[in-house]
Amino acid sequence: MSDGVFDWLYGVLAEPSEALRAVAARKPVGWALAVIVGTATLLAAAGVSQTNFAALTGATFDELARIELTVAVILSVAGCFVIVGLLHLVARLFGGRGSFPGLLSAMGFAQFPSLLWLPFMALARVDGPVAAGLSTVGFIGIAIWVAALCVVSLRETHGLSTGAAVGVCVFGAMIPVVAVAGLILLGIVLAGAIGAAWLGAF
């Protein structure tokens, strides 16, 4: 496969395994971040354009657009580094041999099909059950497609089997849930201990 950004973007749609393997090997981190930020910015801009400003007292298009686009850029970059970093560490535990820049690059290009949400966002504004059904199916289908490309990115970057790559994603998704549940449980235990100590003082 050619080493051009447009070749990689087309390859993600037509030959995802080969394209994401090539991206992971070349590690074009800057282009990957451009895909992530560009995708998040366009989707956020589409969301702002569909906002019902009549229901938002005092809000203007410029203010909402500035806030949403800023949040989209910051969260997309920060979230990308956190999520890919977590998956990279879990992949290492599963025997992966890839690098963090390689996985970050592949995961970034794997987000490219998310742009296909744009026509379905426009379709969702059309009244009627047919449009609502088609837009819902479109959103879910593209989400599954992007999730599958993330699995392929892990597999091709770290040299894992497809099953191991799916396991990395599942295990990686469980870690934040377990961490939050652990913090809540710790808070309950500490609150109970403090309450018991306070009552024992009287």
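Q: Leaving aside neighbours within four places in sequence, which residues is Ser114 in contact with?
A: First, the ground rules: this is a predicted model, where local features need pLDDT of at least 70, side-chain atom pairs count only at pLDDT 80 or more, and totals for chains, interfaces and linings use all residues. Residues are numbered from 1 along each chain as its sequence is written, and side-chain values use heavy atoms, with hydrogens and water left out. Ser114 is found in the loop between helix 5 and helix 6; helices are DSSP runs of H or I with at least four residues, numbered from the N terminus. Counting heavy atoms within 4.5 Å as contact, and leaving aside neighbours within four places in sequence, the partners of Ser114 are Thr39, Leu43, Ile142 and Val146.

Q: Is Ser114 buried or exposed?
A: The scale here is relative accessible area with a 1.4 Å probe and protein chains only: under 20% is buried, over 50% is exposed, and anything in between is partly exposed. Ser114 comes in at 4%, so it is buried.

Q: How many of the 11 residues of helix 5 are buried?
A: The buried residues of helix 5 are Gly102, Leu103, Leu104, Ser105, Ala106, Met107, Gly108, Phe109 and Ala110. What covers them includes helix 1, helix 2, helix 3 (29–49), helix 4 and helix 7. Helix 5 is largely enclosed by the rest of the structure because its buried count is nine.

Q: Are helix 5 and helix 7 roughly parallel or roughly antiparallel to each other?
A: Their axes, lines fitted to C-alpha atoms over the stretch in contact, sit 9 Å apart at an angle of about 155°, where angles run from 0 to 180 degrees between N-to-C directions. On the helix 5 side, Gly102, Leu103, Ala106, Met107 and Ala110 do the meeting, and among their helix 7 partners are Val146, Leu149 and Leu154. Under 35 degrees is roughly parallel, over 145 roughly antiparallel, 65 to 115 roughly perpendicular, and the rest oblique. The two helices are therefore roughly antiparallel.

Q: What is the handedness of the crossing of helix 2 and helix 7?
A: The axes of helix 2 and helix 7 come within 9 Å and cross at roughly 55°. That makes helix 2 oblique to helix 7. As for handedness, a near helix turned anticlockwise from the far one by less than a right angle is left-handed, and clockwise is right-handed. The crossing of helix 2 and helix 7 is right-handed.

Q: Which helices do the buried residues of helix 2 pack against?
A: Helix 2 covers residues 16–26, and its buried residues are Ala19, Leu20, Ala22, Val23 and Ala24. Pro16, Ser17, Leu20, Arg21 and Ala24 meet helix 7 residues including Leu149 and Ser153. The buried set packs against helix 1 (5–14), helix 5 and helix 7.

Q: Which residue follows helix 2 with a positive phi?
A: This residue sits in the loop between helix 2 and helix 3 and is partly exposed, at 38% relative accessible area. Its phi is about 55° although it is not a glycine. The residue following helix 2 is Lys27.

Q: Which residues touch the most other members of the largest nonpolar core?
A: A nonpolar core is a set of buried Ala, Val, Leu, Ile, Met, Phe, Trp, Tyr and Cys residues joined through side-chain atoms within 4.5 Å. Leaving aside neighbours within four places in sequence, one core member, Val84, is in contact with Phe100, Leu103, Leu104 and Met107. Of the 18 residues in the core, those touching the most other members are Val84, Met107, Leu154 and Val168.

Q: How many residues apart in sequence are the parts that Phe94 and Phe171 tie together?
A: A search of the whole structure finds four aromatic pairs; rings of Phe, Tyr and Trp (its six-membered ring) pair with centres within 6.5 Å, and planes under 30 degrees apart are stacked, over 60 edge-to-face, the rest tilted. Phe94 and Phe171 form a tilted one, 6.3 Å centre to centre with 55° between the planes. Phe94 lies in the loop between helix 4 (61–93) and helix 5 (100–110), and Phe171 in helix 8 (residues 162–200), so the separation of those parts in sequence is 77 residues.
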